Amino acid sequence: MRKTINGNSLPNIPWEEKPKECSDVIWRFSGNPIIDRNPVPKAARVYNSAIVPYKGEFAGVFRADQKNGRATLFAGFSKDAIKINLDQDPIEWINEDGTPNPTSFAYDPRVVNIDDTYYILWCDDMNGPSIGLGRTIDFKTFIRLSNPLMPYNRNGVLFPRKINGKYMLLSRPSDTGHTPFGDIFISESPDLVYWGNHKHLMSKGGKGWWQGTKIGAGPIPIETNEGWLLFYHGVSGTCNGFVYSFGAVILDLDQPSKVLYRTRDYLLTPEKDYESVGFVPNVVFPCANLFDADTGRIAIYYGAADTYTAIAFTQVDELIQYVKNNSEVII
């Protein structure tokens, strides 16, 4: 049988079969949320976080808003990718020479394994919101690298391998406030230091009002036979504030600046209490995905209402067919 996902076997990811009454292509974990309020003494709310396979189990970097309200990153480990054991203290970043290099704030991390090094991207403070970049090999020592792009920018996401000899980075240029810009761009680098050849990838808007205000890349793209599968969030502005939903896009494998298919309608939108009621209501925000290439199973980790961490599931063949059949490409 030909596999759709070009990746590793990972049979121990969380999984539940689709409920019989569900007609959607994505369905929620019955045990949501997997991280509730106040999981450790220094973390009031944990959400918009990233988890990856690590030594037969799982590890990750988690957005934890502390009780002073400041967004910070914590490391954590898990045997089953459901019950998360967070460190008691935030990550202590150092430079490559070992000297401390702390962040003033840090949020919405993504983590990717490239050549046995785990790279972390997050929203950093570089005299304004920008993209932070760091690395670790053991989720205990974290080395902070130079910021890849100028402020103001958010939602930095690295592809899991070089393409045509270059590292590829997705981002969303923004302003100092809450992002009236809102389109996704793609950049390339030979060395993770110097970035250029910036290209516009895709715009907010289209017929789908759910993504009319802004969009942003979500988890690390998944390499499939059909192209790079990327989940992304879309935001609509309502009379009661922003609503965050998410959809998916398929990018060309060799030219990831080329959009092949893009969901016209959202795949998941706030409906459950833990998504619609919280510190920031009406938010589902995907930041990580685990997948098993043998079965095509995908577990999507998302922040809910800027308060909780939750999981949703999909099967890659069903999802790709849905995206192709319900596509609206907006350049």
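Start by selecting Lys18, which is partly exposed, with a relative accessible area of 26%. You are looking at a predicted model, so treat each stop on this tour as a feature of that prediction.

**Stop 1: Lys18 and its partner**

Keep Lys18 on screen and add Glu318. Their side chains meet in a salt bridge, with 2.6 Å from N to O. Glu318 belongs to helix 2 (residues 316–325), while Lys18 sits in the segment before strand 1, so this contact ties together parts that are 300 residues apart in sequence. Glu318 counts as partly exposed, at 34% relative accessibility.

**Stop 2: one residue back, to Glu17**

Now select Glu17 and Arg297. Here is another salt bridge between side chains, at 3.2 Å from N to O. What parts of the chain does this pair tie together? Arg297 lies in strand 21 (residues 297–304) and Glu17 in the segment before strand 1 (27–28), so the two joined parts are 280 residues apart in sequence. Glu17 is exposed, at 56% relative accessibility, whereas Arg297 is partly exposed, at 27%.

**Stop 3: Arg28 and Glu271**

Move on to Arg28 and show Glu271 with it. The closest N and O atoms of this salt bridge are 3.7 Å apart. Again the pair links distant parts of the chain: Arg28 is in strand 1, and Glu271 is in the loop between strand 19 (259–262) and helix 1 (273–276), 243 residues away. Is each partner buried or exposed? Arg28 is buried, because its relative accessible area of 17% falls under the 20% cut-off. Glu271, at 54%, is exposed, because that value is over 50%.

**Stop 4: a charged network and a ring**

For a group of charges, select Arg45, Arg63, Asp65 and Asp108 together. Salt bridges with shared partners join these four residues into one network. In the whole structure there are 16 salt bridges. Before leaving, add Phe279 to the view: Arg45 lies over the face of this ring, 3.6 Å from the ring centre.

**Stop 5: aromatic pairs**

How many aromatic pairs does a search of the whole structure find? The count is 18. For one of them, select Phe231 and Phe246. These rings are edge-to-face, with 6.3 Å centre to centre and 80° between the planes. Phe231 is in strand 17 (residues 227–238) and Phe246 in strand 18 (residues 241–251), 15 residues apart. Both phenylalanines are buried.

Next, bring up Tyr54, Phe77, Trp93, Tyr118, Trp122, Phe139 and Phe142. Ring pairs link these residues into a cluster.

**Stop 6: the sheet with strand 1**

Switch to a cartoon view and colour strands 1, 22, 21 and 20. They make an open sheet of 4 strands in the order 1-22-21-20, with antiparallel pairing. Strand 1 and strand 20 (284–292) are the edge strands, each pairing on one side only. You have already met two residues of this sheet's strands: Arg28 in strand 1 and Arg297 in strand 21.

Zoom in on strands 20 and 21, which run antiparallel and are joined by 8 bridges. To see one position up close, select Leu290; its bridge partner in strand 21 is Ala299.

**Stop 7: another open sheet**

Now colour strands 11 to 14. This open sheet of 4 strands has the order 11-12-13-14, again with antiparallel pairing. Strand 11 (153–158) and strand 14 (196–202) stand at the edges with a single partner strand each, so one side of each has no neighbour in the sheet. From one strand to the next, the twist averages 25°.

Within this sheet, strand 13 (residues 184–189) and strand 14 run antiparallel and are joined by 4 bridges. Select Ile184 to find Met202 of strand 14 standing opposite.

**Stop 8: the cysteines**

Finish by selecting the cysteines. How many disulfides does the model hold? The count comes to 0. Cys287 is in no disulfide: the nearest cysteine sulfur, that of Cys123, is 11 Å away. That distance is not within the 2.5 Å cut-off, so the two sulfurs do not count as a disulfide. Cys287 is buried, with a relative accessible area of 2%. Select Cys239 for a contrasting view: at 89% relative accessibility, this cysteine counts as exposed.

Note on methods: Residues are numbered from 1 along each chain as its sequence is written. This is a predicted model: local features need pLDDT of at least 70, side-chain atom pairs count only at pLDDT 80 or more; totals for chains, interfaces and linings use all residues. Side-chain values use heavy atoms; hydrogens and water are left out. Buried means under 20% relative accessible area, exposed over 50%, partly exposed in between (1.4 Å probe, protein chains only). Rings of Phe, Tyr and Trp (its six-membered ring) pair if their centres lie within 6.5 Å; planes under 30 degrees apart count as stacked, over 60 as edge-to-face and the rest as tilted. A charge sits over a ring if NZ of Lys or CZ of Arg is within 6 Å of the ring centre and within 35 degrees of the ring normal. Two strands pair if DSSP finds at least two bridges between them. Axes are lines fitted to C-alpha atoms, for helices over the stretch in contact, and angles run from 0 to 180 degrees between N-to-C directions.
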